[in-house]
There are 2 protein chains.
Amino acid sequence: MRALALRRGAETAAVVEKPRPEPAAGEALVRTLRVGVDGTDHEILAGEHGGFPAGEDHLVVGHEAVGVVAEPNRTGFETGDVVVPTVRRPPNGGNNYFQRGEPDMAPPSAYHERGIDGAHGFAAEYFTSRPEFLVEIPPALAPFGYLIEPISITEKALELARASRSSFEWSPASAIVLGNGSLGLTTLAMLVDEIDRLYCLGRRDRPDPTLDIVDELGATYVDSRETPVAEIPSAHEGMDLVYEATGYAKHGVESVHALAHNGVAALLGVPRSWSFEVDGGAFHEQLVMGNRALVGSVNANARHFRRAVDTLAGLPAWFLDELVTGVYGLDEFERAFTDDDSTIKTAVELSTR
Amino acid sequence: MRALALRRGAETAAVVEKPRPEPAAGEALVRTLRVGVDGTDHEILAGEHGGFPAGEDHLVVGHEAVGVVAEPNRTGFETGDVVVPTVRRPPNGGNNYFQRGEPDMAPPSAYHERGIDGAHGFAAEYFTSRPEFLVEIPPALAPFGYLIEPISITEKALELARASRSSFEWSPASAIVLGNGSLGLTTLAMLVDEIDRLYCLGRRDRPDPTLDIVDELGATYVDSRETPVAEIPSAHEGMDLVYEATGYAKHGVESVHALAHNGVAALLGVPRSWSFEVDGGAFHEQLVMGNRALVGSVNANARHFRRAVDTLAGLPAWFLDELVTGVYGLDEFERAFTDDDSTIKTAVELSTR
């Protein structure tokens with residue numbers, strides 16, 4: 001079968017030929033339909049993130065996937081079921097985090113990430129998986145099923161953010177998403193029904209397809225070149241919720257200054273080490289005197305994936321059509337890895353059915 | 001009656017003569033037993049915090065109090081009931097925060113703080129209060145009843161910290177309290193039953209009465225002059241919970257580096273503006289990749305006070321005896337405001353019964 005892989009030493013992905021995997025006892029064989037491409041994939045190809053499986057000279061990429069069960073192999077699934085795989089796998093037979101269904105809370109030593117670190121991903125014509133790592137979805141959602149993984153990331157982050165405010169009455173009315181990439185826009189669309197006043201921070205000029213989506217969602221665009229994050233309350237209003245999806249290191253501290261009283265900032269982007277001066281006293285004081293919170297969030301578990309299925313089903317068709325700017329066959333996978341201002345979200349198609 | 005007050009322009013508190021307050025309809029008259037002294041009182045006397053009631057030339061101090069109902073005045077209390085007052089009051093008749101019993105979540109414009117900002121405190125022979133701001137306590141707890149307010153501060157901070165970890169399985173086994181003052185030590189005593197491995201950070205040499213308490217509680221003393229906060233995991237272990245009670249501005253960011261995976265740092269101290277260099281990238285990355293959280297907490301509501309009553313009842317007698325290093329009559333109130341290494345917690349006694 002064909003797969004999209006990064007070879008050790010290579011600087012770009014390539015189509016490779018591999019044997020079709022044989023499902024072990026208790027594993028289903030899945031025929032891959034589509035695999036989404038995100039910022040993590042770009043970082044992996046740039047050698048900035050992830051790692052090869054032990055003893056392998058390549059990593060099959062792809063961690064956002066949707067497929068069809070080809071051989072149920074006594075997993076409880078039926079041939080033709082449409083499924084989405086979760087990302088983390090136990091490195092050595094399992095541990096408590098996996099046993100209780102919370103691999104997303106595991107420390108790095110306790111997981112591999114398929115398509116990212118230590119385990120092959122899903123950008124292959126077939127993959128195998130144990131059933132607890134497969135979430136069934138309605139067949140009608142299959143064309144956009146690879147969006148369930150990124151949506152699950154936001155489901156978990158919002159769950160952590162809401163939990164942090166659950167000991168008092170908290171009804172968020174204002175929120176800003178920092179970042180107008182595909183995850184930021186998807187999060188914006190997820191928040192439309194709940195939040196009265198939505199904002200999205202970016203640094204783009206109009207005309208721009210991401211800003212068109214911001215407008216169509218009824219959100220207010222905040223240009224970070226004119227309004228730094230810490231000045232959002234004076235330029236607009238204090239935010240009950242900040243969702244950080246850029247990974248810009250200064251946003252970690254600045255987010256607190258964008259918050260209204262009792263607000264929470266959820267951080268998802270992963271910056272590199274970078275030292276700079278901050279008013280640490282004001283940061284600390286704002287957290288305390290305003291009962292503010294900052295929560296970091298990484299990965300998601302099967303529960304978040306299941307919730308993401310419902311969320312995907314509720315997103316408007318126009319939004320999905322504008323968000324996904326291209327779906328490409330394996331022969332032209334490079335086009336799915338293009339990263340320009342007209343590209344928002346792309347996917348590689350491995351099979352059409 | 002006599003009261004302890006700060007006059008405008010004065011640099012220290014003084015005993016003043018005031019008319020005994022007349023309870024308005026729906027207010028009880030309370031005879032004050034004892035009033036605790038804490039860091040906020042020292043800041044108020046130094047002119048660094050708080051404010052005078054509108055139109056008044058003085059502020060009666062004291063926000064940690066215990067008293068006896070002298071005139072119930074149809075509030076539902078009975079003469080002789082032992083009560084502890086909460087601190088925040090609505091400035092103009094009330095607002096939503098007070099209506100739902102969460103004045104601790106109100107923004108500054110929506111509250112006065114008795115004995116701190118905009119309203120007279122409890123360091124007077126009598127005070128009046130509406131019943132919803134009085135929490136009844138068992139008479140046997142009266143001698144230490146002024147500790148219920150500081151305990152309530154920790155009840156709320158721990159509630160926020162636990163809430164932030166409530167969306168997943170979290171059983172904290174390690175915790176460090178930053179600060180060996182009276183609030184830090186009280187928090188340490190509150191955590192002894194729940195946390196297996198307790199630590200307390202300070203910057204004192206032995207022999208020292210606070211370090212004796214740390215030892216007697218079975219906690220490990222961490223000297224910040226040898227082990228900076230960010231190095232706690234390498235010197236000891238990553239902490240599931242950090243409780244910041246010093247107000248040292250650098251602890252806000254550094255606390256995140258002291259946390260174990262999935263840990264939470266609760267910030268309570270209030271530093272002033274202070275700019276310095278931090279590795280904001282590493283701070284942000286640690287929050288995200290470790291699902292870590294930072295929660296600020298200020299004040300407490302009646303629910304936390306009621307919980308604090310049970311907590312106080314469960315604290316060992318030896319601990320309370322060692323924590324309270326002096327209770328002084330109004331004539332020698334200056335001794336209660338002494339702040340040296342042999343002083344931990346003090347109170348002013350207004351009445352013995």
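**Exercise 1.** In this predicted model, work out whether A:D212 is buried or exposed.

*Solution.* Start with the neighbour count: A:D212 has 12 other C-beta atoms within 10 Å. Next, bring in the cut-off, under which a residue with 12 or fewer counts as exposed. So A:D212 is exposed. As for where it sits, look at helix α5 of chain A, which spans residues 209-216.

**Exercise 2.** Find how far apart A:D212 and A:E322 are, in sequence and in space.

*Solution.* Along the chain, 110 residues separate A:D212 from A:E322. Now go from C-alpha to C-alpha, and the pair is 9.2 Å apart.

**Exercise 3.** Split chain A into its domains, then describe how domain 1 meets domain 2.

*Solution.* First, take the bounds from the domain assignment: domain 1 of chain A covers 2-136 + 316-349, and domain 2 covers 154-296. Their centres, taken over C-alpha atoms, lie 29 Å apart. Then turn to the contact, where domain 1 of chain A puts in ten residues and domain 2 of chain A eleven. On the domain 1 side, helix α10 (residues 317-323) of chain A gives the most, with three residues. Finally, sort that side of domain 1 by class: you get five charged, three nonpolar and two polar residues.

**Exercise 4.** Which rotation and shift superpose chain A on chain B, and what kind of axis relates them?

*Solution.* Turn chain A by 180°, with 0.0 Å of shift along the axis, and it lands on chain B with an RMSD of 0.0 Å. That makes the relation one of a two-fold axis. To finish, check the contact residues: 100% of those of chain A recur in chain B, and the same surface serves both copies.

Note on methods. Residues are numbered from 1 along each chain as its sequence is written. Chains are lettered from A and ligands numbered from 1 in the order in which they are written. This is a predicted model: local features need pLDDT of at least 70, side-chain atom pairs count only at pLDDT 80 or more; totals for chains, interfaces and linings use all residues. Helices (H or I, at least four residues) and strands (E, at least two) are DSSP runs, numbered from the N terminus. A residue is buried if 20 or more other C-beta atoms lie within 10 Å of its own, exposed if 12 or fewer, and partly exposed in between; C-beta atoms are placed from the backbone. Domain bounds come from an automatic or database domain assignment. Two residues are in contact if their C-beta atoms, placed from the backbone, lie within 7 Å. Ala, Val, Leu, Ile, Met, Phe, Trp, Tyr, Cys and Pro count as nonpolar, Asp, Glu, Lys and Arg as charged, and the others, Gly among them, as polar. Copies are superposed by least squares on the C-alpha atoms of residues with pLDDT of at least 70 in both.
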